[in-house]
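Reader: Please take a close look at the salt bridges of this model, and then go on to what surrounds them.

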Amino acid sequence: MSGFEPTPTPETAPYWEAAARGDLSVQFCLQCARHYFYPRPACPRCGGESVEWRTVAGRARLVSYVINHRPLPPFDATVPQIVALVELDEGPRMMTAIVGVEPAPEHLPLDLALEVAFVDRGDVRLPVFKPMAVAA
C-alpha cells in the first residue's frame, strides 16, 4: 500500500508507539470515563485534563466511506483507495483506510464488522482496518 508517511508529534507519539507494537491506542478521560480520538490534551466532552492512553480491542464498524478512484500522489493512482469513517467498539470514531476487500459498494455494507491491521509507511506503522474474519 503506497501513500504518505505520517509525522508523529509530541501529542501523537503514544499513538504511533503503540502502532509500532501492533496495538491501537486512544486516549481515555479519567474524569468522565470515556475514550476519545483524535489525540489532544483535554477531553472533548468534559474538558478534563486527567487523561491516559489505553490500548483498545481494535474492533470497529463501518459508518461511512468513499472509494477514491483517482488518488493523488504519493498514492498509487491505479489502485482505488477506500477512505472510511469507522466507530471503534469503545465509542470514538476515526478516519482510516479499509484494506483487504474489493473497493465496490456491494462489499462495503454499512455496519460491516472490522478489525485493525497495520501497514508500514517508512518508519511508521499505520493502523488501517479490514473486514473481520468470518468463523468457519
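**Salt bridges and their surroundings**

Author: In this predicted model, a search of the whole structure finds 7 salt bridges. Some of them are described here one by one, beginning with a network.

Arg 61, Glu 87, Arg 93 and Asp 111 are linked to one another in a network of salt bridges. Within this group, the side chains of Arg 93 and Glu 87 meet at 3.0 Å, N to O. Arg 93 has a relative accessibility of 39% and therefore counts as partly exposed. Glu 87 is also in the partly exposed class, because its relative accessibility is 22%, and the cut-off for a buried residue is under 20%.

Asp 111, another member of the network, has a backbone feature of its own. Its phi is positive, about 75 degrees, although Asp 111 is not a glycine. The residue sits in the loop that runs between E6 and strand E7 (113-121). A second non-glycine residue with positive phi is Ala 33, at about 60 degrees. Ala 33 also lies in a loop, here between strand E1 (24-29) and strand E2 (34-36).

Two further pairs stand outside this description of the network. Arg 21 and Asp 23 form a salt bridge through their side chains, with an N to O distance of 3.6 Å. Arg 21 is exposed because its relative accessible area is 54%, whereas Asp 23, at 26%, is partly exposed. In the other pair, Arg 125 bridges to Asp 120, and the closest N and O atoms are 3.4 Å apart. Here the acidic partner, Asp 120, is the exposed one, with 54% relative accessibility; Arg 125 has 28% and so counts as partly exposed.

Next comes the largest pocket. The space in it amounts to about 380 Å³. Helix H1 (13-20), strand E5 (81-88), strand E6 (93-98) and strand E8 (124-131) are the elements that each give two or more residues to its lining. Of these, E6 gives the most, with 4 residues. The lining has 19 residues in total, and Phe 4, Met 95, Thr 96, Ala 97 and Leu 126 are the ones nearest the centre of the pocket. By class, the lining residues divide into 15 nonpolar, 3 polar and 1 charged.

Met 95, one of the residues nearest the centre of that pocket, also takes part in a surface feature. Together with Val 66 and Val 83, Met 95 forms a nonpolar patch on the surface, and the three share about 260 Å² of accessible area. Val 66 belongs to strand E4 (residues 59-68). Its relative accessibility is 48%, so Val 66 counts as partly exposed; the exposed class needs over 50%. Membership of a patch asks for over 30% relative accessible area, and for this reason a partly exposed residue can qualify.

One more valine can be placed. Val 51 is found in strand E3 (residues 51-56) and is partly exposed, with a relative accessible area of 25%. Val 51 and Cys 32 are separated by 19 residues in sequence, and their C-alpha atoms are 9.8 Å apart in space.

To return to the request: the network joins Arg 61, Glu 87, Arg 93 and Asp 111, and the pairs described beside it are Arg 21 with Asp 23 and Arg 125 with Asp 120.

Conventions. Residues are numbered from 1 along each chain as its sequence is written. This is a predicted model: local features need pLDDT of at least 70, side-chain atom pairs count only at pLDDT 80 or more; totals for chains, interfaces and linings use all residues. Side-chain values use heavy atoms; hydrogens and water are left out. Patches are made of residues with over 30% relative accessible area and no salt bridge: like charges are joined within 9 Å, nonpolar side chains (Val, Leu, Ile, Met, Phe, Trp, Tyr) within 5 Å. Accessible areas come from the Shrake-Rupley method with a 1.4 Å probe; for residues, only the protein chains shown count as cover. A salt bridge is a side-chain nitrogen of Lys or Arg within 4 Å of a carboxyl oxygen of Asp or Glu. Buried means under 20% relative accessible area, exposed over 50%, partly exposed in between (1.4 Å probe, protein chains only). On a 1 Å grid over the protein atoms alone, a cavity is a set of points where a 1.4 Å probe fits but cannot get out, and a pocket is an open set with protein on both sides within 12 Å along at least five of seven lines; lining residues have an atom within 4 Å of a point. Grid points are joined across faces, edges and corners, and a volume is the space filled by probe spheres set on the points. Ala, Val, Leu, Ile, Met, Phe, Trp, Tyr, Cys and Pro count as nonpolar, Asp, Glu, Lys and Arg as charged, and the others, Gly among them, as polar.
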